[in-house]
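User: I would like to learn how the strands of this structure are arranged. Please take me through the sheets step by step.

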Amino acid sequence: MLKTTDMLLLLICLVGTSDSLYKQWIPDTNYENKTNWDKESVPCGNDIVQFPVQRKVSVFVETTHAVQEMRLPVDGEFILNSGAGFYVVSGQDPDCGAGVTTKFKDSESLQWLNPALWQGSATLDDLQRGNFLFSVHEESVPCQNDDVVFKASSSFRVDTSTSQSSVPVKSVSVLGKKYESTSEFTQYLSSPSGRLQFHGSSAVTVGNQECGDPSGCACGNSVNHKRICSTVQCASLGCKKPLLPVGHCCEVCGAIVTIHFATGFNLQTYRQRIHHLFLVLPKYKSIQLGMSKIFKSQQLMGIIPFGTSPEIQVVIVDEEKGIQSEGLARDILKDARSHGSSLGITEAEFQASSGTSSDQTGGSAGMVVGTVFGVLIGISIIITLVFLIRRGVIQMPSSLPSLPSLPSLPSLSSFRRSRDEEDLNGPIDHGYDNPIFDKPNLMPEAPGLYATETKNSISMTQSGVHFVNPVYDDNETDFNA
């Protein structure tokens with residue numbers, strides 16, 4: 001007989017390693033949906049039905065309806081369920097009242113990038129049962145590895161305009177049919193129904209593969225962050241220190257757990273573990289938890305960017321200013337300390353909207369190595385800058401104070417001489433002495449040629465001896481004479 005923990009582990013293993021989710025479009029253009037009518041009720045036999053004349057619309061009709069009159073748009077369609085249709089009542093419908101003109105609402109402005117218009121679940125069964133997942137705004141919109149679902153018995157109209165020319169997803173289900181082939185779905189988009197249901201500057205494409213990384217894959221919606229957030233209205237918060245999760249448009253009251261992982265970490269398995277260990281508990285019934293893989297930018301000495309680091313972000317929010325969220329965050333950290341090695345977790349920490357934060361668990365050696373590495377790079381940069389300034393490669397602005405004097409460095413030539421003396425066990429014999437160049441004080445006092453009253457004819461410098469040749473000196477010889 002299996003124990004409870006064994007059954008839990010078996011259930012987690014059966015879930016699989018896929019990180020793709022099912023994202024379902026919420027609005028519809030169904031005739032029977034009273035929210036689609038301006039009078040907030042479905043028209044009856046005494047009513048005049050009016051659709052926007054200049055708008056395109058695809059309307060799904062599930063049953064039979066009586067009408068007094070119907071005014072249709074220039075471009076539109078009715079998708080009739082089996083046995084559905086319309087008929088005109090002769091006389092008055094006793095169950096309808098006096099009769100009004102009711103208008104079908106315009107659905108032209110409903111955007112693909114609006115996170116409030118999507119629901120996400122881990123499985124199709126959860127989607128049908130209403131077990132929806134909480135996600136940051138970027139990931140509430142379908143990600144590149146997600147399955148997109150439009151309800152089977154419904155129609156819709158969605159503006160697919162994004163910052164890119166295409167909207168890649170894994171699959172799209174429309175009217176109960178699942179499209180995974182690019183060619184097949186492209187053909188549907190060019191059909192009359194497809195043109196009425198999908199519009200906008202970006203084309204939805206299918207065929208992306210499942211996420212092959214057990215630790216999760218990037219959603220791919222960060223490029224549309226501004227457009228996603230333009231559809232979101234943030235509520236006022238009452239917590240002490242609101243938090244802004246990566247990929248979210250608004251600050252939240254709650255907690256954020258950051259998990260660093262190694263080979264062997266499985267995001268879907270860990271998501272199920274947290275759900276079965278904590279979210280089923282009565283004390284956490286009001287908790288909303290979203291978990292995803294993010295890529296946080298890394299900065300050297302807090303200034304210089306040098307790449308990104310993958311992390312698991314666990315966003316926890318509740319209705320009580322984040323108090324329960326902080327408690328759950330602490331429970332998750334305790335579980336990470338106890339079972340992190342078997343789960344592939346190397347380090348975990350959290351911050352809460354109450355202003356408290358946790359000490360990191362695990363990863364101390366990595367932190368030390370990273371700190372030492374950063375310090376060494378900083379010292380190397382400083383030494384290089386000082387060397388280049390002293391060599392004249394980099395000029396310091398005159399308005400800045402001068403650098404403090406540093407000990408002079410030996411020149412390359414003196415270094416070579418000292419090395420030669422060491423190699424030959426003594427000074428090198430450079431040959432005989434030249435009285436003109438090696439001993440200037442032995443030169444005769446020839447008047448005129450070596451006069452020093454107006455100009456030094458022979459000078460000694462570190463680079464050698466220089467003298468003036470009167471034949472080629474323009475100041476001494478007049479070639480016009």
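Analyst: A definition is needed at the start: two strands pair if DSSP finds at least two bridges between them. The model discussed here is predicted.

User: Which residue in S14 does Val174 stand opposite?
Analyst: Strand S13 covers residues 171-174, and three bridges join S13 to S14. These two strands run antiparallel. Within S14, the residue opposite Val174 is Lys177.

User: Which strands are the edge strands of the open sheet of five strands?
Analyst: The order of this sheet is S9-S1-S10-S13-S14, and its pairing is mixed. An edge strand here pairs on one side only. The edge strands are therefore, by pairing as defined through bridges, those listed with their residues: S9 (118-121) and S14 (177-179).

User: What angle does the direction of helix H4 make with that of S14?
Analyst: Helix H4 spans residues 182-189 and packs on the five-stranded sheet. There, H4 touches both S13 and S14. Its direction and that of S14 make an angle of about 120°.

User: Why is one side of S5 and of S8 left without a neighbour in the sheet?
Analyst: Three strands form an open sheet with parallel pairing, in the order S5-S2-S8. Strand S5 (69-71) and strand S8 (101-103) stand at the edges of that sheet. One side of each is left without a neighbour because each has a single partner strand.

User: Which residue in S8 stands opposite Gln50?
Analyst: Strand S2 is formed by residues 48-50 and runs parallel to S8. Three bridges join S2 and S8. Opposite Gln50, in S8, stands Lys103.

Technical notes: Residues numbered from 1 in each chain as written. Predicted model: local features only at pLDDT ≥ 70, side-chain atom pairs only at ≥ 80, totals over all residues. Heavy atoms only, no water. Helix = DSSP H or I, 4+ residues; strand = E, 2+ residues; numbered from the N terminus. Contact = heavy atoms within 4.5 Å. Axes fitted to C-alpha atoms, helices over the stretch in contact; angles between N-to-C directions.
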